[in-house]
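Biologist: Please take a close look at the second largest pocket of this model. Which element gives the most to its lining, and which residues lie nearest its centre?

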Amino acid sequence: MSFPLLDEWLPANHDQERPQMILSTVSGNGVPDARTVLLTEFDSEGLYFHTDSRSRKVADITGNPAVALTFLWPGFTRQLVVQGRAEVASVPELAAAFETRSPYLQQLAWQNSSEFAQLDLDERRSQWAAFQPPAGAPSTWTGFLVRPTRLTFWGSNQDAASRREEFNLDGGDWVSSYLPG
Ligand SMILES: Cc1cc2nc3c(=O)[nH]c(=O)nc-3n(C[C@H](O)[C@H](O)[C@H](O)COP(=O)(O)O)c2cc1C
């Protein structure tokens, strides 16, 4: 998969400022859900995000790997929607992705438990301050590669109608078309 627009629109993987995207899932029972996650990186296979294996999103994806990712640019100038199928990322990718997380997000991955969430703020502060980070990622650290089946690039214009450029995977080939905005 190679899309010049993806390279043009998204920051490079080494850029510390990671884009936010809305990850939409549908549970095995057909119940939709959505939440914000960070795009960790993207490559010729697809787009990656990382999370906690005990989370709802992971339960949804386990029951139904179809997902959508929605990016919105400041000032509503651009929108990118990616539809695809999520699969657990490779072990080396998971380990490397953890290393790219900030110290805060690494600690969050260790302390992001349901038990921790029940504590009051003073107790959460004191346990946070006392935490000694172990080496590497917790066993609950996981991540997904979203292999796109459709990408839709929406662009606005000050002096012309907005327009979408869409790429659909059709029998192994990418087919592009222009759609109204
Ligand atoms: C700006 C922003 C970025 C976030 N990034 C992530 C992320 O990269 N991974 C993650 O698991 N949760 C992230 N979250 C938290 C999720 O939105 C969500 O609350 C959490 O993952 C639980 O979701 P779930 O219960 O639907 O699985 C982020 C939240 C915000 C507001």
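Modeller: In this predicted model, strand E2 gives the most to the lining of the second largest pocket, with four residues. E2, E4 and helix H4 (103-111) each supply at least two residues of that lining. The pocket holds about 310 Å³ of space and is lined by 16 residues, with His 50, Thr 51, Arg 101, Leu 108 and Asn 112 nearest its centre. By class, the lining divides into six nonpolar, six polar and four charged residues.

The surroundings of the ligand draw on some of these parts. E2 (32-38) also provides the largest share of the shell around the ligand, again with four residues. Strand E2, strand E4 (47-52) and helix H2 (56-63) each supply at least two residues of this shell. The residues around the ligand are Gln 20, Arg 35, Thr 36, Val 37, Leu 38, His 50, Thr 51, Ser 55, Arg 56, Lys 57 and Arg 101. Among them, His 50, Thr 51 and Arg 101 are also listed nearest the centre of the second largest pocket. The shell comprises two nonpolar, five polar and four charged residues.

Particular atom pairs can be named within this shell. An N or O atom in the side chain of Arg 35 lies 2.7 Å from an oxygen atom of the ligand. Backbone atoms take part as well: a polar backbone atom of His 50 is 2.9 Å from a nitrogen atom of the ligand, and a polar backbone atom of Arg 56 is 3.2 Å from an oxygen atom of the ligand. Taken alone, the ligand exposes 630 Å², of which the protein buries 59%.

The largest pocket has a volume of about 380 Å³. Its lining consists of 18 residues, and those closest to its centre are Asp 15, Gln 16, Arg 18, Thr 40 and Thr 100. Helix H3 (residues 91-100) provides the largest share of this lining, three residues. Six nonpolar, seven polar and five charged residues make up the lining of the largest pocket.

For the wider setting, an unreviewed UniProt entry places the feature "domain: Pyridoxamine 5'-phosphate oxidase N-terminal" at residues 17-109. In the model, this span is 27% helix and 43% strand, and its end C-alpha atoms lie 19 Å apart.

To return to the request, E2 leads the lining of the second largest pocket, and E2 likewise supplies the largest share of the shell around the ligand.

Note on methods:
Residues numbered from 1 in each chain as written. Predicted model: local features only at pLDDT ≥ 70, side-chain atom pairs only at ≥ 80, totals over all residues. Heavy atoms only, no water. Near = heavy atom within 4 Å. Polar contact = N/O pair within 3.5 Å; in protein donor to acceptor, adjacent residues only side chain to side chain. Areas by Shrake-Rupley, 256 points an atom, 1.4 Å probe, with all protein chains shown as cover. Nonpolar A, V, L, I, M, F, W, Y, C, P; charged D, E, K, R; others polar. 1 Å grid on protein atoms, 1.4 Å probe; cavity = no way out; pocket = protein on both sides within 12 Å on 5 of 7 lines; lining within 4 Å. Points joined across faces, edges and corners; volume = space filled by probe spheres on them. UniProt positions renumbered as here; feature names shortened; annotations may be inferred.
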